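Student: Hi! Could you walk me through this one before I get back to the bench?
Tutor: Happy to. Let's put it on screen and take it topic by topic.

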Amino acid sequence: MSTPVLAPTAGAPSTTRGGRPPRRRRSGVNAGGNPLVYAIALVVVAVTVAPVVYAVLGGFRSNAQLASEPVGLPDPWVLSNYTNVLTSDTFWRYALNSSVIALVTTAVVAVFGVMAAYPLARYRFRGREALFLVFTLGLLFPLTVAIIPLFLMVRDLQLNNTFWGVALPQAAFALPMTIVILRPFLMALPKELEEAALLDGTSRIGFFWRILLPLSGPGIVTVGVLAFVASWNAYLLPLLVLNDPGAKTLPLGVADFSSEHASDTAGVLAFTTLAMIPALIFFLALEKRIVNGLQGAVKG
Amino acid sequence: MSVADDALATRPVPDSAPARSGTGGAPRRRLSSAWRQRLEILFFVSPALALFAVFVVVPILQAGRYSLYDWNGLGPMDDFVGLQNYVRALSDDVFTSAVQHNLTIVVLSIVVQLPLGLGIALLLNRQMWGRTFLRVVIFVPYVLAEVVAGVVWFMLLQPDGPVDAVLDAVGLGGFTQLWLGDPDVALYTVLVVLTWKYLGLAVILFLAGLQGVPDELYEAAQIDGASWWQVQRRITVPLLGPTIRTWGFLSMIGSLQLFDMVWILTKGGPANSTVTMATYLINQGTDRSQYGYASAVAVLLFAISLILAAIYQVFVLRRDTKVSS
């Protein structure tokens, strides 16, 4: 896995990690093995995962089991909660909607972001810093501040209950962070590459397509992952824009399901667990990218 | 952000270079290179700029405009009320308590998560069995949607629910509360859930910062006979300063915009004891169609965030920029 250039410390493995050095005295103060350390670590892990485990296991219990014993293992294991959710249309529709909106958001952010970052990084022109400043100022304005006019605008454009109504505003608000991360990334690519390409008669646009874009893959993946996760988890904007049950996303679905089936605790837990799974898989697969991205963002 | 102005950009397309465009073979010199560059820049920047203008700049300006009107979102916006919406918000007890709640969450989030996150990061920053696993696990809550985490915690916190059962089991049954139902407790319950959700971010960022601390420093300190605590206090924490300060900033901004978790757990209740600026905004805006008034609340939310960000910048982050420049 190639390390992105943007955050020098991010990808670099710590000196102590990896192939364990032969009998090198581990950086003294950090010597582990203390039982107390493991005890604390165990407590931290327990507190961290307990709610997730509770939801997963709770989905395998019946409401009677949950009522008689709030904490406990399924006895017997009940599959019907999960099968009910998995055989319902609504769950899959929510999942599909979430996926489409997240993918559209990611695609728009990645394409528009890298396009805008390119001249900001590698052209020299008057007003360049001012233009960059315009985008960076966007970091100061969270979506919450603009939510009322956005909601009205989306309604007036007849985009409510459509993917675009959520994806475009989300992409727009993700642009500042994307450009702030991508610009130094593109700047770091060696100048000689560009000169060589120009000498060979490639146009600037050709350079962008054939050389810059492939090379900036890791940076684009990083901003893409951040945009995808943010969209997948988003609640406020979808809450206002998507009222039609057929257009709702998973977070809305989870919230709706939990209030409509408030008495069916086991069903809610099963539904919630299944809604967690895509995010968890996605996270485990791309953990490095997400962490790198966040660190890059902090450094930005 | 580092702006190494001179080193970065290539010079404009050199005139001497054969300005053959990719398509035709004929030497096209119809566009001067300066114009050509302008067109290229326009081509690359305009999609992002247009999107940004339509969905970020315009709505933000609109929020400022709406805030001066009494408007329900339908029909013409013609009832200009000046600053009345602002006066009304600032003299509304619910809004002022929302601001207080946000500030409480800003302060307590940092006060609670900083030592905990630092402690766990130091704990994990050593050779130990299962360290990689620990690092992944600690980050899981952060990746879950606030809504998903909120729904699960809502279940956990029900009266006589799992949290109460666990407290009973370990002999702390006397401490059980109406976690989300008691106005004196609910805000702190929300805070605990938020800590659970966001501690992983602090840990991961601190761990990354710790990787930047050179091992030689530890070795030198060890040779000098420094104790573990001395090393942490004199070396680790100071060197982690920039990371901690940046994390604090992110945490603060997040706390000021808090919406999802509160909306799921309490909707701002009971008796407005957990209302935040953002839940108040939505409550007044889309739920009651007071778009003018809600816009004023949004502008105030922005102004408060901006002021706090500026204060933080001046008093906390300035140290970093000074050192680095």
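**How the two chains meet**

Tutor: To start with the interface, 85 residues of chain B are in contact with 97 residues of chain A. Keep in mind that this is a predicted model.

Student: Okay, which helix gives the most to the side of chain B that touches chain A?
Tutor: Helix H2 of chain B, residues 33-66, gives the most, with 16 residues.

Student: And how do the residues on that side of chain B divide into nonpolar, polar and charged?
Tutor: There are 58 nonpolar, 18 polar and 9 charged residues on the side of chain B that touches chain A.

Student: Can you show me a helix pair across the two chains? What about H2(A) and H5(B), how do they cross?
Tutor: Sure. Helix H2 of chain A (residues 35-58) and helix H5 of chain B (residues 131-143) have axes that come within 9 Å and cross at roughly 40°. H2(A) and H5(B) are therefore oblique to each other.

Student: Is that crossing left-handed or right-handed?
Tutor: The crossing of H2(A) and H5(B) is left-handed.

Student: Which residues make the contact?
Tutor: From H2(A) you have A:Ala41, A:Val44, A:Val45, A:Thr48, A:Val49 and A:Val52. H5(B) brings B:Leu134, B:Val137, B:Ile138, B:Val140 and B:Pro141. By class, the contact of H2(A) with H5(B) has 10 nonpolar residues, 1 polar and no charged.

Student: Now a pair inside one chain, please. How do H4(B) and H8(B) pack?
Tutor: Helix H4 (residues 93-124) and helix H8 (residues 186-211) of chain B pack at an angle of about 45°, with their axes 7 Å apart. That angle makes H4(B) oblique to H8(B). The crossing of H4(B) and H8(B) is right-handed, and their contact has 18 nonpolar, 6 polar and no charged residues.

Student: Switching to domains: what does the assignment give for chain A?
Tutor: The domain assignment gives domain 1 as 34-78 and domain 2 as 89-299 in chain A. The C-alpha centres of domain 1 and domain 2 of chain A lie 34 Å apart. Their contact takes 8 residues from domain 1 of chain A and 7 residues from domain 2 of chain A.

Student: Where on domain 1 does the largest share come from?
Tutor: From H2(A), with 3 residues of the side of domain 1 of chain A that touches domain 2 of chain A. That side of domain 1 of chain A divides into 3 nonpolar, 4 polar and 1 charged.

Student: Any odd backbone spots, like a cis peptide bond? Which ones are there?
Tutor: Here are two. The peptide bond from A:Asp75 to A:Pro76 is cis, with omega near -5°, and A:Pro76 is found in the loop between H3 and helix H4 (80-86) of chain A. In chain B, the peptide bond from B:Gly269 to B:Pro270 is cis, with omega near -10°. B:Pro270 is found in the loop between helix H11 (260-265) and helix H12 (277-284) of chain B.

Student: What about B:Lys267, is its phi positive or negative?
Tutor: B:Lys267 has a positive phi of about 55°, although it is not a glycine. B:Lys267 is found in the loop between H11 and H12 of chain B. Most residues other than glycine have a negative phi.

Student: Last thing: what pLDDT does chain A average?
Tutor: Chain A averages a pLDDT of 82, and 86% of the residues score at least 70.

Student: And where does pLDDT stay under 50 in chain A?
Tutor: Over residues 1-31 of chain A, for which the model has 52 contacts beyond four places in sequence.

Conventions. Residues numbered from 1 in each chain as written. Chains lettered and ligands numbered in written order. Predicted model: local features only at pLDDT ≥ 70, side-chain atom pairs only at ≥ 80, totals over all residues. Axes fitted to C-alpha atoms, helices over the stretch in contact; angles between N-to-C directions. Helix = DSSP H or I, 4+ residues; strand = E, 2+ residues; numbered from the N terminus. Parallel < 35°, antiparallel > 145°, perpendicular 65-115°, else oblique. Left-handed = near helix turned anticlockwise from the far one by under 90°. Contact = placed C-beta atoms within 7 Å. Nonpolar A, V, L, I, M, F, W, Y, C, P; charged D, E, K, R; others polar. Domains from an automatic or database assignment. pLDDT = per-residue confidence, 0-100.
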